[in-house]
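This briefing covers cysteine pairing, internal cavities and overall build. The structure comes first, followed by notes grouped by topic.

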Amino acid sequence: MNYNFQQDLKAIREILEMTQSELAEKLGVEQVTISRNELGNTSPSAKFLEQVYQFAFERNIKINRLKEMLWMENLGQNHKLLFHGAKSEINGQLDVNKSRTNNDFGRGFYTGERYAQAISFISGFDKSCVYFLDFEESGLKCKRYEVNQEWMMTIAYYRGALEEYKEHPIVKQLVAQSRSCDYIIAPIADNRMFQIINSFILGEITDEQCKHCLAATNLGYQYVFVTPQSIKHVKIIERCYVSANEKEYYKNVRSSDAKLGDDKVKLARIQYRGEGHYIDEILS
């Protein structure tokens with residue numbers, strides 16, 4: 001799927017209240033270049049794409065966030081707008097079997113609830129983009145997780161941290177429950193959060209400490225599609241270009257949030273010290 005550059009270019013120009021000639025002058029191109037792209041008579045070069053979206057973002061026009069709001073206002077009943085950050089273009093049909101096995105819940109197609117959420121995970125990749133998805137949820141079985149022991153241990157299993165306990169009945173039950181559904185709704189666990197979970201698995205902190213530490217680093221919820229049937233209910237509706245300066249902006253936002261989260265984690269470890277159970281007590 002191509003970017004909606006034709007519509008975006010015109011929208012950016014009209015939001016700025018500029019003529020084609022005025023925008024062309026600002027961008028250092030011919031007026032005919034603007035005209036041809038707005039009419040869809042030519043395909044923009046990679047350089048021109050970056051130039052236009054950077055120009056807009058520098059002027060505080062967050063075109064993708066604006067489109068996020070508009071899409072959300074026009075969803076049908078039982079439909080939800082989701083976002084997928086991709087390191088490169090998605091080719092072919094969406095597939096639940098193409099991801100790595102050591103993701104939070106193993107193989108599946110991973111999406112998030114917010115645009116900013118999706119972009120924060122792909123901001124370090126040059127050719128990355130964000131896809132807007134329409135999910136029609138009727139007729140599917142959902143498994144929902146919250147920040148609790150079940151969620152922590154399930155993620156620890158799929159990320160390979162529960163290898164010595166993999167035959168334990170409790171672990172087997174957790175794995176079975178994570179696959180007795182079509183899709184999963186669960187808190188997102190990035191690598192920083194997994195380090196906290198790993199501290200619990202290594203017996204350094206209790207489940208109660210771990211839970212509150214993880215709650216302090218809240219990244220929002222993810223939707224993970226795990227069956228072929230579920231992915232049939234997901235439709236790509238738009239592919240969004242993300243300029244270098246927009247990636248840098250969200251990278252800085254995430255970095256700032258991470259600093260606050262790290263401080264909250266330290267406080268949670270202190271405040272809930274001695275409460276809850278250690279992993280060897282749970283899986284004794």
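**Cysteines and disulfides**

Zero disulfides turn up in a search of the whole structure. The model is a predicted one, and the values below are computed from it. Two cysteines, Cys129 and Cys181, are treated individually: Cys129 has its closest cysteine sulfur in Cys240, and Cys181 has its nearest in Cys142.

- Cys129 cannot be paired because its sulfur lies 8.5 Å from that of Cys240, which is too far for a bond; the cut-off for a disulfide is a pair of cysteine sulfur atoms within 2.5 Å.
- Cys181 is likewise in no disulfide, with the sulfur of Cys142 at 7.0 Å.
- Cys129 counts as buried because its relative accessibility is 0%, and the limit for that class is under 20%.
- Cys181 also counts as buried, because its relative accessibility is 5%.

**Cavity**

- The structure contains one cavity of 30 Å³ or more.
- The space in the largest cavity amounts to about 50 Å³.
- Its lining consists of Tyr53, Ala56, Phe57, Ile61, Lys62, Ile63, Asn64, Tyr241, Val242, Ser243 and Glu246.
- Two or more residues of the lining are given by each of helix H4 (46–58) and helix H5 (63–73).
- H4 supplies the largest share of the lining, three residues.
- Sorted by class, the lining of the largest cavity comprises seven nonpolar, two polar and two charged residues.
- Lys62 and Glu246 are among the lining residues, and both belong to the residue types that count as charged.
- Asn64 and Ser243 also line the largest cavity; their residue types count as polar.

**Overall build**

- The protein has 284 residues, and buried residues make up 48% of them.
- Its secondary structure comprises 13 helices and seven strands.
- The C-alpha trace spans about 75 × 40 × 30 Å along the principal axes of the protein.
- The accessible surface of the protein is about 14600 Å², and carbon and sulfur atoms account for 47% of that area.
- Of the contacts between residues at least 6 apart in sequence, 82% join residues at least 24 apart.

**Recap**

- Which cysteine holds the closest sulfur to that of Cys129? That cysteine is Cys240, and the separation of 8.5 Å is too far for a bond.
- Which helix gives the largest share of the lining of the largest cavity? Helix H4 does, with three residues.

Key. Residues numbered from 1 in each chain as written. Predicted model: local features only at pLDDT ≥ 70, side-chain atom pairs only at ≥ 80, totals over all residues. Heavy atoms only, no water. Buried < 20%, exposed > 50% of the residue type's maximum accessible area, 1.4 Å probe, protein only. 1 Å grid on protein atoms, 1.4 Å probe; cavity = no way out; pocket = protein on both sides within 12 Å on 5 of 7 lines; lining within 4 Å. Points joined across faces, edges and corners; volume = space filled by probe spheres on them. Helix = DSSP H or I, 4+ residues; strand = E, 2+ residues; numbered from the N terminus. Contact = heavy atoms within 4.5 Å. Areas by Shrake-Rupley, 256 points an atom, 1.4 Å probe, with all protein chains shown as cover.
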